[in-house]
Amino acid sequence: MAIRTKSTLLLLVASLFTVTGCASNEAMDAENKNAGRNRGAIGGALIGVTAGALTGDASLAAKGAAAGAVAGGVAGSMKDVDDARAKDRSEIQADGLKQDNRSDSEKRLAELEAEVKIKELEARLAEMELEEKAEKTERESDS
């Protein structure tokens, strides 16, 4: 009878950890800042329960699950912290790249080049309008 009670308890503990871990989609979301901790805790608990189940001792399975959950949660938390730091570094780098780091003379040169290009385009447009008027006048005189 003791073996059946242990097996039932072990099955209950394993089911509890599995159901608890899979119950919330938000806990495992990549958007969740603690997703690594959650995944680590669930994985550690499952490994601990499995190790305890292999020995056949229900109390050892429960202890293994608790120890595994703590170890996995700590490892996952370290990953979450590392990911947060990497995200901060990326944001700082992106902000730095957005800034215009040119000197005043480089900015002024770019403005002058843009003005020259605008004048060239305006002159070309005026030439095209003159050619169009000349063609229109030529067509009207031929008619």
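Which residue forms a salt bridge with Arg108? The partner is Glu111, and the closest N and O atoms are 3.2 Å apart. The model is a predicted one, so distances like this are computed from predicted coordinates. We return to this pair below, after a look at the whole chain.

Start with the fold. The protein has five helices and zero strands. Read along the sequence, the pattern is α-α-α-α-α. The chain counts 143 residues, and buried ones make up 17% of them. The accessible surface comes to about 11,300 Å². Carbon and sulfur atoms hold 59% of that surface. Now take the contacts with a separation of 6 or more. Residues 24 or more positions apart account for 52% of them.

One spot shows such a separation in detail. Ala69 sits in helix H4. Its C-alpha lies 4.4 Å from the C-alpha of Ala45, although the two are 24 residues apart in sequence. Ala69 also touches Ala41 and Gly44, along with Ala45 itself, once residues up to four places away in sequence are set aside.

Stay on helix H4, which covers residues 58–98. The next residue to look at is Val70, also found in this helix. Is Val70 buried or exposed? Val70 is exposed, because its relative accessible area is 56% and the cut-off for exposed is over 50%. Val70 joins Val74 and Met78 in a nonpolar surface patch. The patch measures about 310 Å².

Further along helix H4 comes a salt bridge. The side chains of Lys79 and Asp83 meet there, at 2.9 Å from N to O. Why can these two be paired along one helix? They are four residues apart in H4, so about one helical turn separates them. Neither side chain needs to be called buried or exposed. Lys79 has 45% relative accessibility and counts as partly exposed. Asp83, at 37%, is partly exposed as well.

Now move to helix H5, which spans residues 104–142. Here the opening pair comes back. Glu111 and Arg108 are three residues apart in H5, which means that about one helical turn lies between them. Glu111 is partly exposed at 43% relative accessibility. Arg108 is partly exposed too, with a relative accessible area of 42%. By the rule used, the count of salt bridges comes to two. One is Lys79 with Asp83, and the other is Arg108 with Glu111.

Charge also gathers without such pairing. Which residues form the negative surface patch? They are Glu127, Glu129, Glu131, Glu132, Glu135, Glu138 and Asp142. Asp142 lies in helix H5, at the residue where that helix ends. With a relative accessible area of 61%, Asp142 is exposed, because the cut-off is over 50%.

Put the two helices side by side. H4 carries Val70 of the nonpolar patch and the bridge between Lys79 and Asp83. H5 carries the bridge between Arg108 and Glu111 and Asp142 of the negative patch.

Methods
Residues are numbered from 1 along each chain as its sequence is written. This is a predicted model: local features need pLDDT of at least 70, side-chain atom pairs count only at pLDDT 80 or more; totals for chains, interfaces and linings use all residues. Side-chain values use heavy atoms; hydrogens and water are left out. Patches are made of residues with over 30% relative accessible area and no salt bridge: like charges are joined within 9 Å, nonpolar side chains (Val, Leu, Ile, Met, Phe, Trp, Tyr) within 5 Å. Accessible areas come from the Shrake-Rupley method with a 1.4 Å probe; for residues, only the protein chains shown count as cover. A salt bridge is a side-chain nitrogen of Lys or Arg within 4 Å of a carboxyl oxygen of Asp or Glu. Lys and Arg count as positive and Asp and Glu as negative; His and the chain ends are not counted. The place of a charge is taken as NZ of Lys, CZ of Arg, CG of Asp or CD of Glu. Buried means under 20% relative accessible area, exposed over 50%, partly exposed in between (1.4 Å probe, protein chains only). Contact means heavy atoms within 4.5 Å.
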